[in-house]
Amino acid sequence: MERASSSWSRTVEIKVISGEGLRVNRTTPVKKNTFVIVRTESREGQATRVDTEGGSRPVWNEKFVVDMPMHARFVTAEVQCKTSAGNKAIGTAKIPVTDFVGGYVPKNYLHFLSYRLRDDKGERNGIINLSVKVRVAESDGGKYPMAGNAGHAGNYTRPWRAAPVQQKVAGGIVTGVPVWYNNQPSKKVRGKKRDKSGRFDSVRFADTTSPDGKPGAAAVSQPENNVIEVASVEEDARETSEDAAEEVVPVKEEAARGGAGLVVARLALAEESVARAGRKVSRQLDLEFLRIDS
Amino acid sequence: MGNCCSDAVGGRAAVGGASSHGNPVNGQNDAVDLYLRSHGYHGLFSQIELSLSASDLRDRDVLSKSDPIAVIYTKGRDGALQEFGRTEVVINSLNPQWITKHTLNYHFEELQTLVFRVYDVDTQFHDLEVKMLKLEEQQFLGEAICTLAEIVTTSSRSLTLDLASREESTRSTHLRKLGQLSVHAEECFSSKTATELILRCSDLENKDLFSKSDPFLIISKKVESGITIPICKTEVLKNELGPTWKPVYLSIQEVGSKDNPLVIECFNFNSNGKHDLIGKVEKSLSDLEKLQSTEQGEHLFVPTSVGNNHHNKVLKSRLFVDKFTESVQHTFLDYIAGGYELNFMVAIDFTASNGNPRLNDSLHYIDPSGRPNAYQKAILEVGEVLQFYDTDKRFPAWGFGARPIDGPVSHCFNLNGSMSYCEVEGIQGIMTAYTSALFNVSLAGPTLFGPVINAAALVASQSLADKKQKYFVLLIITDGVITDLQETKDALVKASDLPLSILIVGVGGADFKEMESDSAVQILDADKGERLESSSMRVASRDIVQFVPFRDVQSGEISVVQSLLAELPTQFLTYMRSRDIPPNT
């Protein structure tokens, strides 16, 4: 990461392969003369040649090499149609950089990606097929498969061996990530995240199943610290579990009063924190949970 | 319907030929082949290639002729029809010769009933891919039924059937004349060689009144009985008397042999379907190769008949071969033999919809008498076929949708109960882990596929990072009721970029008809051409899902092996070929 060229931008090979089901005005299939403009952050892009034979299923097979600023988050591909009255926009696809950067695959992996196009009114219009490959200098080819992992959280960041059993898929039927995030105590946790210690930071990251991890969040914590942090948090959790267990009682009362959705959500939250520490409580809760649910 | 001034969008496209990307295996499934041969089924089956043509079809369009498509169905043992394949749409023709071929296995011991239905495709649908066409929206032109054995046993290997309307098809009397359908069957033999040709014509005759000819080529093979069967058609070039067409790919498998005579006909395209013959030549592939090396052109001729004398009028126009290259199309087995490993992973559905495992109507009921339940049967049967291709026979095994003793519902837990590793040894390992898991978890819900698919994707991408030559197959055994359709789609779309295929086996007598609905697994199988789309507008770059309803199957039955391995080689090869990964030799 020392070299200036690679720390500010990455070189990406983008091949625009083909389009499918392109339509004009949402109804008639495109007859001919479609082309694609590929843009990174900059306003001016690179255009393919005009396809004259493929009609609504054009084939371009054209490769571009673009320098993308590190901070760029999208590549856009815009399909246009050349007509006598000027160029007409057919549809645009926004390609998140995270679709071809990060994860466990080798850095220079050849990705085949397809996207739904949207026209200027936001209507679905056809599909574009591309391949994308990040160029990697010989010296660091695949050396840091995890570098640039930022923002790709969620599905691939958890070490898969740890995934089972401990994996946090919030209990049962009703819970979901948004509920957790909007909840009071969770905000408290998020608040602590900004503590100098950064303790909760790593925990949240290891636990969450939502692809919400902000870029850089993972990179911050060092692996060695991680172990200690997790341990300390477990302690923490044990304390909170007691709180949580107490918390359950009023929540159940609330449930009896009929505050359905929110209550169930809070229950799930309580269950979650309890589950991490106290097993007995958790199982009792499950029973309660089912009863409320039914 | 359609109208006479149609653009004939579909009619001008190229059809057929062993295209380099389109259909990698051409119906030939060497994975099935190898399995069956190794299990002593050698010679009990052979691959048959069907070509279809029709004559005197009914004209359903007002101002033009019908635009027919033929659909082949196979009849299952329960009498249900299953779609087997579709031809292309031939524009404005009452005597179509379809180019698309269909390969199926001929089993000597089975009664294989085939049903052919012909439809007239409305002009508005001509732009669609044929597999996307909704047949109920098309006009029905007639159907015919026969068995595969009937076709194969005729001396010419062709059978002409009268088309009947649906109600009459069971009776032998036909009130209305709906035309005839001819089916030609030929035994396939496998060859990996494919040729790429660039063909050019010079000095073509002008057939159009106000403009120049719009030429295209049809390449047909001559078979023993003397009839010709079209195998590919080039695109139509407009207003060209010296046209050069896009490369044509012909596999030896389609052609028969390098010395088999081919008929190359040059036509002038007419949107009314009456294409005029400009001229033709008869050459084998080796002749064409000679033409290329000598850079000589071959004169086209037109057959003319004066009374009983048949003369060939030789024209000034000539056919040139600008490029002739042979290449070897690597097969699935080439990769396997070259050390490319297949790795299987198993995920088992522990959701409550399977029924309480303590009651004997549950799909998870462990019978004390030792009779396997639906899941055990599926693990054994499916595992037996799949493990054949897995060299180390160590399978990652997960369960989903249950509550382990010490935690909340998990949608991906290790079947072996271990916290640290998920692999088990062999099929027996899966069986043991499965039964012990049943005693240690309580069935819950909902049915989420996302987490196991992501776990599998992670294994696959880690192996890529380790530069291992591996392709993964995740086998999900489920009762089929799925709750997280969009999440599953998201996971699948992501996984479509990885060396991973997903085989979903539906167990239980459950009505998989219900699976037509939106919440069903079947929707994930992109066979109908509808590509999976994630919530973030990303679309699956290839089909990686195959759905197999697992009913009461007999051990080692050929059809089971076939349905399990039906799409695997294609999915595997699509991955390898799109990335230009050659097999090790």
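In chain B, buried residues make up 57% of the 585 residues. The model is a predicted one, and every value below was computed from it. Chain B contains 11 helices and 27 strands. Its exposed surface is about 24600 Å², and carbon and sulfur atoms supply 50% of that area. Contacts can also be sorted by how far apart the partners are in the sequence. Of the contacts in chain B with a separation of 6 or more, 72% are between residues 24 or more positions apart.

Chain A can be described in the same terms. It has 8 helices and 10 strands, and buried residues account for 44% of its 294 residues. Its accessible surface comes to about 15700 Å², with 52% belonging to carbon and sulfur atoms. Among the contacts in chain A between residues at least 6 apart in sequence, 64% join residues at least 24 apart.

The rest of this account stays with chain B, beginning with one of its sheets. This open sheet has 4 strands in the order β4-β3-β6-β7 (chain B), and the pairing is antiparallel. Strands β4 (81-86) and β7 of chain B are the edge strands, since each pairs on one side only. Neighbouring strands in the sheet are turned against each other by 25° on average, direction ignored. Inside the sheet, strand β3 (residues 68-75) of chain B is joined to β6(B) by 7 bridges, and the two run antiparallel. One place to look is I69(B), whose bridge partner in β6(B) is Y119(B). In a regular strand, side chains alternate between the two faces of the sheet.

Y119(B) also takes part in a ring contact. Over all chains, the structure holds 15 aromatic pairs. In one of them, Y119(B) and F140(B) meet edge-to-face, at 5.5 Å centre to centre and with 70° between the planes. Y119(B) belongs to strand β6 (residues 113-120) of chain B and F140(B) to strand β7 (residues 139-147) of chain B, so this pair ties together parts that are 21 residues apart in sequence. How much of each residue is accessible? Y119(B) has a relative accessible area of 4%, and F140(B) has one of 18%. Buried means under 20%, so Y119(B) counts as buried and F140(B) does too.

A second ring pair joins a strand to a helix. The ring centres of Y471(B) and F572(B) are 5.1 Å apart and the planes meet at 65°; the pair is therefore edge-to-face. Y471(B) is in strand β24 (residues 470-478) of chain B, while F572(B) is in helix α11 (residues 568-578) of chain B, so that the pair links parts of the chain 101 residues apart. Y471(B) is buried, with a relative accessible area of 0%, and F572(B) is buried with a value of 0%. Both belong to a cluster linked by ring pairs, which consists of F332(B), Y335(B), Y340(B), F388(B), Y389(B), Y471(B), F572(B) and Y575(B).

The helix that carries F572(B) can now be followed along its length. In α11(B), 8 of the 11 residues are buried, so the helix is largely enclosed by the rest of the structure. Among these buried residues are L568(B), P569(B), F572(B), Y575(B) and R577(B). Just after α11(B), D580(B) takes a positive phi of about 55°.

Strand β11 (residues 215-222) of chain B is another enclosed element. Of its 8 residues, 7 are buried, so the strand is largely enclosed by the rest of the structure. It is joined to strand β14 (residues 261-268) of chain B by 7 bridges, and these two strands run antiparallel. In this pairing, I218(B) stands opposite E265(B) in β14(B). β11(B) also pairs with strand β12 (residues 228-233) of chain B, in the antiparallel sense, over 5 bridges. Here K222(B) stands opposite T228(B) in β12(B). β11(B) and β12(B) form a hairpin with 5 residues between the strands, and within this hairpin G226(B) takes a positive phi near 100°.

Rings in chain B also meet charged side chains. The charged end of K233(B) sits over the ring of F216(B), 5.9 Å from the ring centre. In another such contact, R117(B) has its charged end over the ring of Y73(B), at 5.0 Å from the centre.

Technical notes
Residues are numbered from 1 along each chain as its sequence is written. Chains are lettered from A and ligands numbered from 1 in the order in which they are written. This is a predicted model: local features need pLDDT of at least 70, side-chain atom pairs count only at pLDDT 80 or more; totals for chains, interfaces and linings use all residues. Side-chain values use heavy atoms; hydrogens and water are left out. Rings of Phe, Tyr and Trp (its six-membered ring) pair if their centres lie within 6.5 Å; planes under 30 degrees apart count as stacked, over 60 as edge-to-face and the rest as tilted. Buried means under 20% relative accessible area, exposed over 50%, partly exposed in between (1.4 Å probe, protein chains only). A charge sits over a ring if NZ of Lys or CZ of Arg is within 6 Å of the ring centre and within 35 degrees of the ring normal. Contact means heavy atoms within 4.5 Å. Accessible areas come from the Shrake-Rupley method with a 1.4 Å probe; for residues, only the protein chains shown count as cover. Two strands pair if DSSP finds at least two bridges between them. Axes are lines fitted to C-alpha atoms, for helices over the stretch in contact, and angles run from 0 to 180 degrees between N-to-C directions.
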